[in-house]
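Here are some notes to read beside the model. Please keep the structure open and follow the points in order.

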Amino acid sequence: MREKILLIDGHSILNRAFYGLPDLTNSEGLHTNAIYGFLNILFKMMEEEKPDYLTVAFDLSAPTFRHKMYDAYKGTRRPMPQELRQQVPVMKDVLGAMGVPILSMEGYEADDLLGTIAKRSEAKGMDVTVLSGDRDLLQLATDHICIRIPKTKGGKTTIEDYFAKDVQEAYQLSPLQIIELKALMGDTADNIPGLPGVGEKTATKLLLEYGSVENAHAHAEEIKPNKAKNAFLEHYDLAVLSKDLATIRIDSPVEYDWETARIHDLYTQEAYEFFKELEFKNFLSRFEETGNTSKAEEHFATITDFAKAEELFALAQKKERVGLELLEEKGMILGLGLAYEEEGDLQVYGMLPQGFVTEAYLLDKAKMLCQQGNAVASLNVKAMLRHMDLDHHTAMFDAQIAAYLLNPLKSEYAYDDIAREYLGEMLPAKEDLLGKLSYSKAAAEKEEELAKSVCYMAYTALKARQPLLEALEAAGMKKLYTDMEMPLLFTLSDMEKEGIRVNAEELKEYGEKLQVRIAELEKSIWQQAGEEFNINSPKQLGVILFEKLQMPGGKKTKTGYSTAADVLEKLAADYAIVSDILEYRQLTKLKSTYADGLAGYIDEGGRIHSTFNQTITATGRISSTEPNLQNIPVRTELGRLLRKVFIPQDGYVFLDADYSQIELRVLAHMSGDEKLIQAYREAQDIHRMTASQVFHIPFEEVTPLQRRNAKAVNFGIVYGISSFGLSQDLSITRKEAEQYIKNYFETYPKIKGFLDNLVQQAKDEGYVSTMFGRRRPVPELKSSNFMQRSFGERVAMNSPIQGTAADIIKIAMIQVSRRLKEENLKSRLILQIHDELLIETAEDEVEQVSAILEQEMKGAAELSVSLEIDMHTGKSWYEAK
DNA sequence: GAACTCACG
DNA sequence: ACGTACGTGAGTTCC
C-alpha cells in the first residue's frame, strides 16, 4: 500500500479560519479563533485521510522576492490584523507540541516548499494531499497529488478535491495550464497583475485555442476580442511577469526528512497543556486515552442506599464547610451533590431521587445543612431557595455570582469554566457528560452521568470558594459581593416567590379585542397589496413594499430590505398601507408577546412569577425572564392599557416609585461638574435647564423643540455620545449634532474631562468601575476594528453611569425589603424595573410604606445632588404609574 | 439557530 | 474611511 503525506499551507488555512469564525478569546484575552479553526480542519483531515506523514509550511514574515517585485506595481498589502498576527506563533508552538514539523525558508514562499515536497514525495511513491485555501496550488495536481480546498458555504465547510482530472473538469485546463490562466487573468488576492481587461472567460478561451501564454503571443495578431489583442501587444511583459509570479517552484533547495514528519501521537502531554491554556474544551476529550483528564473523579461516589445517605448527611453536618448543589428543573428536584473534606481528603457524593431517597428527603437534608450554620457553597443559591425558605442572614456562598462580578461579560457561569479559571482544572463540561440532553431527560436516560454532574458542581462550588473570594478581595469587590449581591439574592428570591397578580379574564378580553382589529388590518393590508402574504415576514413584506409597490428607500440589511419601524414611519405619510402595517405590527406584538405570552405564566393562584437574573448584564443591572416583566408596554396608550390587568391582591394597593433621572444625577455626581450640580439644585426641569444653558437663552424662553434637543443630548451623553448617534436620533446633520455636543461640553466642562478619563482608564486598566467598585471590562478597546473600538469607548463612558444607578437601586431594594420585614409589614416588594420599584402594599400600610420608599430610595447613596423619586398608588399597575 | 423586529429602562 | 447611540428578552420567520 502507498504511504500518504499531508501537506498544509499554514497561513492560508489560518487566514481562512480567522475570517470564517467568530472572534474567540481565552480568559486571558488571547484570540484563538484561527487556531481553533485550523485544528478543527486538521483533525478532520487526519480522520479522513489517515496520513502517515504530516508537515505544515509557513511563509517567513520577511517579504519574499516575488512579492517585492509585485509591490513595485501596486503599493503594499493590507497588513495582517493584530488579532490574527498574535495567533501565528502560538499556532506554530501548538504544532510543535503535537510533534508536527514546520517548514519555512528564507526567500521561498510556503507554496514553493509545498510544491517541492509534494513532488519529491510523489517521486518516492507516496500519495500526496495538499491542503490550502489558495487555488494557485491546483497547478501541482497529478494522479497522486490531490489539492484539497476548504470552502465555507452557508456556515458549513465542505472540501473540494482536485486531482489532475478534476482540474481538467473544472477549468477545461491541465494543472500546468493553471499557471497560464493566472498569468493572463491575474489574481488580486495573490498580487498577480495579469493582463488588463482579461478575465477568466477570455483567458480560458485563449488557452483552449493556443495552449500557452507564449503561443498566444506568437499569434497575437489573430486574437479575437480586440481588448485582449491590444493587451497582448501592449502589456505582454505583464503576462510574462505574471507567469513567473504564478509559478510555484518545485525545486526549492530545502532539506526535508520524511522520518521527522512521520506522525506518532498528536495528543501529547505538551499539547494537552496548550489546549488547556487556549481553553479548547471540545478538543480535550481527544486526550482521554492518554489519561490526561481530571483526577477529581477519583473522589466521587454515587449514593443510592438510604442508610449510606443518612450517614453522609450526618457527617456533613459536622463540617464547617460543605459544597452543596441542588439540581432542579421546572420545580423538580433531579439530584443533589454534596462535597466536604474528611481528614484532609475531599469526598464528593452524587444522589438522585430514588427509593427511600426521595425528592422531599433530599430537600429536607439540603435545608438542614444550610440552616445548621455550615457555610454552604453552591453554584446557584437562588435556585435552591426556590424550594426552601432561609433567613436572609444565612451564610451562603454563591460561586456564579462571585464569578459574575469578576467578569460580567460571560454568557454563562458553568462549573467547568469556574474550575478552569479559578482552580486551573479541566473538568468535563455538561455536554461531555450528558450530550445535548436536558437535565430532566438525563435523569431518565443517563443516571450515572447525571450523578457525576452534580458531583462536579458541588466539588467546584466548594473548592472554588476560597480562590473566588480572594479574587474578589484583590479586585476590591468583596464588599460588593458580601453586602450587595448576596443580600440582594434573598430579596430577589422573595420577589420571585411573591409574583404579581394578574386578572386572567381581563387579559383574555384584551387579547380578543386586539384580534378583532388585527383581522381588519390584515384584510385591509392584503387588499391594498393586491395579494395575500405573510405580513410577519420581513422578507415577504420587503418584496411587497419595495418591489411590487415600488416604494423608495429599499435595501438596508444584509439579507434584504429593512422594514423596521423607523424606515416605515418615513413612508407612512405617503402610503396608507404602511400605516396599517405599523398598526398591525404594534397590535400583533401586544397580542403574541403580552396577551397570549403572559397568559401562559399565570399560576393556580392567579399570579405570575418571573425569574430575576443576577448574573446576566454587563453593567450590573438585573434582568427578568420567563416572563420578562421589565418590558411591559407603557409608551403607547394602547399598550399601557395592558397594565390594567396587573392588580394587587384584595385589601392591597400598588405603590410604585421610580427615580427621577437617576443616571443623569449619577453623571452630575461622578463628574463633579459644578454647573450641572447647580442646575439640579435649582431646576425642576433639567432638560429645559440644559437647553437654557447650552443655547444661552433664558429658562422661560426655551422652546419645546430646544428642550427636546437638549433631552436627546442628555441621553446621548449617558449612552457614550457620538455625533452620528445624536444626528440619527434628532434627524439632523452630523455637523449640527457635533455643534450641540461641543456646546454641551463647553457648558459643562468637567463632563468632557470625566468621560475622556473613563475611556483612558479603560485603555490603561482594561476595565471601568462604578462608584461601588463594580467592574466592567472593555476588551473592545484593544480591537483593530474601528467600529469595535468606538463601541468600546461608548461602553467605557456608559457603564459606570448605568452601573452606578444599578448599584443604587440594588441598595434601595435590600433596604426596603429589610424594613418591610423588620417592621412586620404585610406589604411586599414584587418588581424592579431598573429605576422603579413596585410594592404590593396593604391598604393600612400605605403611609408607612411610602415613608420607607422615600427614605430608602433617596438615602441609598449620598450624592452631591439629591436623589428624587416619583411615587403613585393605584388599584392596578396602570393607575400606579 | 440566526436574523429581524420591537417591548422596556 | 470605517458605520452606531447604552442595557436587556421574546416572538416570528426562514435557512
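1. In what order do the 6 strands of the open sheet lie? The order is β7-β10-β9-β8-β11-β12, and the pairing is mixed. Keep in mind that this is a predicted model.

2. Now look at the two ends of that sheet. The edge strands are β7, residues 300-303, and β12, residues 396-398. Each of them pairs on one side only. From one strand to the next, the twist averages 25°.

3. Next, take one pair of strands. β8 covers residues 321-329 and β9 covers residues 332-342. The two pair in the antiparallel sense, over 7 bridges. To find one partnership, start at L326: its bridge partner is L336, in β9.

4. Two helices lie across this sheet. Helix α15, residues 306-317, lies across β7, β8, β9 and β10. Its angle to β9 is about 55°. Helix α16, residues 359-371, lies across β8, β9, β10, β11 and β12. For α16, the angle to β9 is about 40°.

5. Turn to L114, in helix α6, which spans residues 110-123. Is L114 buried or exposed? L114 counts as buried because its relative accessible area is 2%, and the cut-off for buried is under 20%. Setting aside neighbours within four places in sequence, L114 is in contact with L7, I8, D9, A57 and V130. V130 is 16 residues away along the chain, yet the C-alpha atoms of L114 and V130 are separated by 7.5 Å.

6. Now the DNA. There are 35 residues around DNA strand C. S537, K539, S623, E626 and R794 come nearest. Of the strand C atoms that come within 4 Å of the protein, sugar and phosphate account for 59%.

7. Which elements build the surface near DNA strand C? α25, α27, β16, α32, α33 and α36 each supply at least two residues. The largest share comes from α36, with 7 residues. By type, the surface residues divide into 10 nonpolar, 17 polar and 8 charged.

8. Finally, check three contacts with a sugar or linking oxygen of DNA strand C. An N or O atom in the side chain of N628 is 2.9 Å from such an oxygen. For an N or O atom in the side chain of S592, the distance is 3.5 Å. At Y719 a polar backbone atom takes part, at 3.4 Å.

Terms used:
Residues are numbered from 1 along each chain as its sequence is written. Chains are lettered from A and ligands numbered from 1 in the order in which they are written. This is a predicted model: local features need pLDDT of at least 70, side-chain atom pairs count only at pLDDT 80 or more; totals for chains, interfaces and linings use all residues. Side-chain values use heavy atoms; hydrogens and water are left out. A residue is near a molecule or strand if one of its heavy atoms lies within 4 Å of it. A polar contact is a pair of N or O atoms within 3.5 Å; within protein, one must be able to donate a hydrogen and the other to accept it, and residues adjacent in sequence count only if both atoms are side-chain atoms. Helices (H or I, at least four residues) and strands (E, at least two) are DSSP runs, numbered from the N terminus. Ala, Val, Leu, Ile, Met, Phe, Trp, Tyr, Cys and Pro count as nonpolar, Asp, Glu, Lys and Arg as charged, and the others, Gly among them, as polar. Buried means under 20% relative accessible area, exposed over 50%, partly exposed in between (1.4 Å probe, protein chains only). Contact means heavy atoms within 4.5 Å. Two strands pair if DSSP finds at least two bridges between them. Axes are lines fitted to C-alpha atoms, for helices over the stretch in contact, and angles run from 0 to 180 degrees between N-to-C directions.
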